[in-house]
Amino acid sequence: MSKKTNYSYVGITFIILVFGIIFIPKIIDRVSEGDIIRDESRSKDVSTSNSKAKNAEQNKSDLVYLEINGEPKKVPAFSFTNQDGVTITNEDYIGKVYVVEFFFTTCPTICPIMNRNLVEVQNQFNGFENFGIASFTISPEIDTPEVLKAYAEKYNVTNPNWHFLTGNETDIYKLANEGFNLYTAKDDSVEGGFEHSGNFALIDKEGYIRSRTDDFGNPKIFYNGLISEATGVDEDGIPQEITILKEDIAKLLKE
């Protein structure tokens, strides 16, 4: 073996020795301090995040958003008192699918029908902690928490997330007409003294108004609450929509 070859081996050995002296302690320090583990953890976090996003996308239903000026309509902030005297806000419904109605306890016409239908919906989703109902009275001067409590008991309300809500009249009417786009007004010329929509709004877990589309691909927006499943079709030939409301609640619960 030549001297030149010996020098080459010596040089390579020297380089390996220097590398070991300089870098191996640093690697040991990183391992002991958890840096490498943290890097792996970050990779796992990214992987988990991507997996959750994919699952959420896969679970997304075919229900559409109500859009105003091209933006999905989200329920505005609200704060009212329920039948138990507890303050309930829109934040209490985040993470829950819920149905919204506007009614009053002395209503002699459509409200009893609406609430009997909602009891059917309640019973369909018995035991679902992430399902609720929000019933806003449009007659807050009469419908105190005590009155609402008796009304809830009368209709056999059992879902702890079904809140009958009362509060400032101006705020309630603004929430109905602007927040949910459900028409509500005082009118002494009609029976009961109030005019209001007989429709229900369906809200997803993030607080957006959702619905299925009609035969033309347009959002239904609301669900008719005036015809029961038992009735099927009313005298004007309008079909009931409680069944499709139940179906769409089930879809949102899976999202």
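Val 99 stands opposite Leu 202 of strand β11, and this pair offers a point of entry into the predicted model. Val 99 falls within strand β6, which spans residues 97-103 and is joined to β11 by 3 bridges, the two strands running antiparallel. Strand β11 itself comprises residues 199-203, and 4 of its 5 residues are buried, so that the strand is mostly covered under the criterion of less than 20% relative accessible area.

Leu 202 also leads to another partner of β11. In strand β12, the bridge partner of Leu 202 is Arg 210. Leu 202 is thus placed opposite Val 99 and is bridged to Arg 210 in β12. The pairing of β11 with β12, whose residues are 209-211, is antiparallel and extends over 2 bridges. These two strands form a hairpin, with 5 residues lying between them. Within that turn, Gly 207 adopts a positive phi of about 90°.

A further contact of β11 is made with strand β13, a strand of residues 223-224. Here 2 bridges join the strands, again in an antiparallel arrangement. Asn 199 of β11 has Asn 224 as its bridge partner in β13. Strand β11 is therefore paired with β6, with β12 and with β13, since at least two bridges suffice for a pairing.

The loop between β12 and β13 contains Ile 221. Although Ile 221 is not a glycine, its phi is positive, at about 75°. Ile 221 has a relative accessibility of 25% and therefore counts as partly exposed, a class that lies between the 20% and 50% limits.

A positive phi in a residue other than glycine also occurs at Asn 156, where the value is near 55°. Asn 156 belongs to the loop between helix α4 (145-154) and strand β8 (162-165). The relative accessible area of Asn 156 is 56%, and because exposure is assigned over 50%, this residue is classed as exposed.

The cysteines complete this account. The structure holds 0 disulfides. Cys 107 has a relative accessible area of 7% and is therefore buried. Cys 111, at 0% relative accessibility, likewise counts as buried.

Key: Residues are numbered from 1 along each chain as its sequence is written. This is a predicted model: local features need pLDDT of at least 70, side-chain atom pairs count only at pLDDT 80 or more; totals for chains, interfaces and linings use all residues. Side-chain values use heavy atoms; hydrogens and water are left out. Buried means under 20% relative accessible area, exposed over 50%, partly exposed in between (1.4 Å probe, protein chains only). Helices (H or I, at least four residues) and strands (E, at least two) are DSSP runs, numbered from the N terminus. A disulfide is a pair of cysteine sulfur atoms within 2.5 Å.
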